[in-house]
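Thanks for coming. I will go through a few parts of one structure, and you can follow along on the screen.

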Amino acid sequence: MSKEANIFVLIDALGWEWIKNTSFLREVAPYRARLESVLGYSTAAIPSILTGQYPQEHGRVALFRRAIGKSPFRPVEWICKLPPSLVENSYTRYAVKEFTRRINHFGGWFHLLGVPLRLLPMLDVSEKLNIYEPRGIPEVPSIFDLLKDRNVDYGVYTYHDGPNDELIARIGRDLRISEKSFFLLYLDGLDGFLHQHADKAGAVAERLKFYSDALTSVYEVAERNYGTVRMHVFGDHGMAPTNAVIDVHTRLARLNLKVPDDYFCLLDSTMARFTFFNDKARERIMSQVFSPADGGHWLEDQELRSLRSWFDDRRYGDAIYLMPEGTIIVGNSPGEIVSRGMHGFHPTAPHSASAYVSSEEPGNQLGHITQVFSLMAACI
């Protein structure tokens, strides 16, 4: 039993504020640290973990960006131009997504929730490939490129392969066989749970206990089959409880501007991202839609550069308004359910921080999610 097992577990939305005063994985992973995340959502944060780079380098902040050149949705433009009363429904959205995925050979993850179909022909998808495979992030090398180049026998377990309980069972089986030395397990269930229950501390504690118990069992299986076991568990971002909502869509409707003649916008959960086609639209939107009482701010170019989320082509918007922690945007679609928890706020906001726990001392170099890449690379 001389072989090593290096186990890396990415739990989506495992936030520092949620686990810092708990016994989460204390028995097998007593070392812990707070990790600052990046601007954006999991689309930005997970590639930052897998590559050690910021959004500015790997190119991702949110699911959708302005199309530079031909949009992958151009073949369905005729559908998108039909009256919203005919096409704005779950069936059409599913058909459009699947058709676009197949004709473009997309292997990555995206959804169309909250994006008006009429905007799709002007948009592009950030994650076209499966980022958990070699060359899945073509802009920069990822940990999977290193694993392939160095001929490492590794296991990767993500939503592409099944739900969380199946992935936990699968890594357990592979650890019993003890052929592989490097494991990366991605669990997305906590993220969905917190979106619905971040206002219920007791329920969150129970869910964290489930993951703590499950991963303790994974560690124990590895200990029985390997001479050396290292387990590192971390998140990509945290999750803030919702305390206020703003209907930006209704505010925009009062300005007497036309979409897409004057502008278009993508109303993400925490960011309103605008593309302007004339000065009138820019002036009205930037001066009249938001007020100091909203508590957020426009992300200036200098701030975007400091966050390493700056793009010369402004693919994520000519202007971006970022909500304060706990305030989310609603009004994107009829019957919208307000999330009880949300992420995607400023990286320095308390609940934006990710958590890291480990079976071994990580040292003083660990304070940002991009630094997890170096830990993984050192185990190859």
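This is a predicted model, and I will start with helix α2. Its buried residues are Ser42, Thr43, Ala44, Ala45, Ile46, Pro47, Ser48, Ile49, Leu50 and Thr51. The helix runs over residues 42-51, and ten of its ten residues are buried, so it is mostly covered, buried here being under 20% relative accessible area.

What do the buried residues of α2 pack against? Their partners are β1 (4-11), α3 (55-58), α7 (143-149), β6 (182-187), β7 (228-234) and α14 (372-378). Just after α2 comes Gly52, with a positive phi of about 80°.

Next, a sheet. Four strands make up an open sheet with antiparallel pairing, in the order β10-β11-β13-β12. The edges are β10 (263-267) and β12 (297-298); each has a single partner strand, so one side of each has no neighbour in the sheet. Inside that order, β11 (residues 271-276) pairs with β13 (residues 319-322) over four bridges, in the antiparallel sense. There, Ala272 stands opposite Tyr321 in β13. Helix α12, residues 279-288, packs on this sheet and touches β10, β11, β12 and β13. The direction of α12 makes about 160° with that of β11.

Last, the second largest pocket, with a volume of about 220 Å³. Of the 19 residues lining it, Leu299, Asp301, Leu304, Arg314 and Asp318 are the closest to its centre. At least two lining residues each come from α12, α13 (301-306) and β13. How does the lining of this pocket divide into nonpolar, polar and charged residues? Eleven are nonpolar, two polar and six charged.

Technical notes:
Residues are numbered from 1 along each chain as its sequence is written. This is a predicted model: local features need pLDDT of at least 70, side-chain atom pairs count only at pLDDT 80 or more; totals for chains, interfaces and linings use all residues. Side-chain values use heavy atoms; hydrogens and water are left out. Buried means under 20% relative accessible area, exposed over 50%, partly exposed in between (1.4 Å probe, protein chains only). Contact means heavy atoms within 4.5 Å. Two strands pair if DSSP finds at least two bridges between them. Axes are lines fitted to C-alpha atoms, for helices over the stretch in contact, and angles run from 0 to 180 degrees between N-to-C directions. On a 1 Å grid over the protein atoms alone, a cavity is a set of points where a 1.4 Å probe fits but cannot get out, and a pocket is an open set with protein on both sides within 12 Å along at least five of seven lines; lining residues have an atom within 4 Å of a point. Grid points are joined across faces, edges and corners, and a volume is the space filled by probe spheres set on the points. Ala, Val, Leu, Ile, Met, Phe, Trp, Tyr, Cys and Pro count as nonpolar, Asp, Glu, Lys and Arg as charged, and the others, Gly among them, as polar.
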